[in-house]
Amino acid sequence: MGKDVIVACDFASAEKTFEFLDKFKGRKPFVKIGMELFYAEGPQIVKEIKKRGHKIFLDLKLHDIPNTVKKSMAVLSNLDVDITNLHAGGTIRMMEAAIEGLTREDGTRPLLIAVTQLTSTDQESMENDLLIKEPIDKVVMHYAHNAKLAGLDGVVCSPLEAGKVHEICGESFLTITPGVRFADGDVGDQKRVMTPAQAKEIGSDYIVVGRPITAATDPVAAYERCIREFVD
Ligand code: C5P
């Protein structure tokens with residue numbers, strides 16, 4: 001898979017999601033389904049979006065004992081998603097178990113991506129709550145390296161970290177980057193943002209874009225603008 005724009009479908013129901021997706025008559029966007037929609041609608045929502053011809057990033061961020069993650073990943077693999085993810089904090093052994101569970105009998109599997117430290121975790125909360133005393137950027141790169149060692153395909157990271165991740169884990173290790181905004185758009189609650197063109201420049205493999213597309217007056221035009229800036 002090459003560079004692509006993944007649209008974060010952060011809707012609360014299937015109805016709202018389909019109302020949004022129905023607008024796209026041409027190119028079918030790569031869609032990210034998160035916990036809210038998945039827990040509200042169940043696996044059926046994945047099957048229905050897949051049936052409509054979209055690729056799917058199922059963003060459920062698994063984190064449990066290796067055996068449970070392995071078995072759960074086997075279930076997600078049967079849903080035929082294109083990308084799914086987990087927390088690298090679950091250890092290398094958990095990530096290896098995830099790959100085992102995800103791999104189908106014919107050897108194929110969805111891409112598996114790690115979350116390193118959530119962007120909502122800062123240095124202070126990491127030190128005080130998690131008792132991790134190292135600098136957060138070092139922790140992020142260490143977790144990315146662990147993911148690489150476990151055989152994962154990439155990490156979710158800020159566009160600002162994508163270059164460094166590629167340096168440490170290799171150019172083919174995927175970087176999926178949220179926090180994307182148009183140069184003339186609203187930043188909202190995102191703190192460190194980049195435009196699609198800047199994310200391309202810095203070497204992101206996929207950008208995850210939510211509100212700049214879902215809340216746009218013309219979502220299709222906003223999506224096409226992302227494609228022009230990031231892919232074409
Ligand atoms: O609307 P917006 O473009 O900010 O949406 C970004 C998407 O990426 C949301 O689904 C958000 O949960 C997700 N995300 C993020 N920052 C991270 C990890 C995921 O914004 N560090």
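Angles under 35 degrees between helix axes count as roughly parallel. Keep that cut-off handy for the exercises below, and remember that this is a predicted model.

**Exercise 1. How do α1 and α3 pack against each other, and which residues meet?**

Step 1. Start with the geometry: the axes of α1 and helix α3 (residues 43–51) sit 11 Å apart, at an angle of about 15°.

Step 2. Apply the cut-off: an angle under 35 degrees counts as roughly parallel, so α1 and α3 are roughly parallel to each other. Their crossing is right-handed.

Step 3. Now list who touches whom. From α1 come Ala 14, Thr 17, Phe 18 and Leu 21, and they meet Ile 45, Glu 48 and Ile 49 of α3. Sorted by class, this contact has 5 nonpolar residues, 1 polar and 1 charged.

**Exercise 2. Take Thr 17 and Ile 45 from that contact: is each one buried or exposed, and what does each touch?**

Step 1. Thr 17 belongs to helix α1. Its relative accessibility is 0%, so Thr 17 counts as buried.

Step 2. Leave out residues up to four places away in sequence, and Thr 17 touches Cys 9, Phe 11, Leu 37 and Ile 49.

Step 3. Ile 45 sits in helix α3. With 2% relative accessibility, Ile 45 counts as buried.

Step 4. Again skipping residues up to four places away, the partners of Ile 45 are Ala 14, Phe 18 and Leu 37. If you'd like a distance to check on screen, go from Ile 45 to Asp 82: C-alpha to C-alpha they are 15 Å apart in space, with their positions 37 residues apart in sequence.

**Exercise 3. Work out what kind of pair α7 and α8 make, and what the contact consists of.**

Step 1. Helix α7 covers residues 136–149 and helix α8 covers residues 159–169; their axes are 10 Å apart and meet at an angle of about 45°.

Step 2. That angle makes α7 oblique to α8. The crossing of α7 and α8 is right-handed.

Step 3. On the α7 side, the contact uses Val 140, Met 141, Ala 144, His 145 and Lys 148. On the α8 side you'll find Glu 161, Lys 164, Val 165, Ile 168 and Cys 169.

Step 4. Class by class, the α7 contact with α8 comes to 6 nonpolar, 1 polar and 3 charged residues.

**Exercise 4. How many aromatic pairs are there, and what is the arrangement of Phe 24 with Tyr 223?**

Step 1. Rings pair if their centres lie within 6.5 Å, and the count comes to 5 aromatic pairs.

Step 2. For Phe 24 and Tyr 223, the ring centres are 5.5 Å apart and the planes lie at 85°, so this pair is edge-to-face.

Step 3. Next, place the two residues. Phe 24 is in the loop between α1 (14–21) and β2 (30–33), while Tyr 223 is in helix α11 (residues 219–230). They are 199 residues apart, so the pair links distant parts of the chain. Both Phe 24 and Tyr 223 are buried.

Step 4. Zoom out a bit: Phe 24 and Tyr 223 join Phe 11 and Phe 20 in one aromatic cluster.

**Exercise 5. Phe 38 and Tyr 39 form an aromatic pair; which of the two is buried and which is exposed?**

Step 1. This pair is edge-to-face, at 6.4 Å centre to centre and with 65° between the planes.

Step 2. Phe 38 has 12% relative accessibility, so Phe 38 counts as buried.

Step 3. Tyr 39 has 61% relative accessibility, so Tyr 39 counts as exposed.

How values were computed. Residues numbered from 1 in each chain as written. Predicted model: local features only at pLDDT ≥ 70, side-chain atom pairs only at ≥ 80, totals over all residues. Heavy atoms only, no water. Axes fitted to C-alpha atoms, helices over the stretch in contact; angles between N-to-C directions. Helix = DSSP H or I, 4+ residues; strand = E, 2+ residues; numbered from the N terminus. Parallel < 35°, antiparallel > 145°, perpendicular 65-115°, else oblique. Left-handed = near helix turned anticlockwise from the far one by under 90°. Contact = heavy atoms within 4.5 Å. Nonpolar A, V, L, I, M, F, W, Y, C, P; charged D, E, K, R; others polar. Phe/Tyr/Trp six-rings, centres within 6.5 Å; stacked < 30°, edge-to-face > 60°. Buried < 20%, exposed > 50% of the residue type's maximum accessible area, 1.4 Å probe, protein only.
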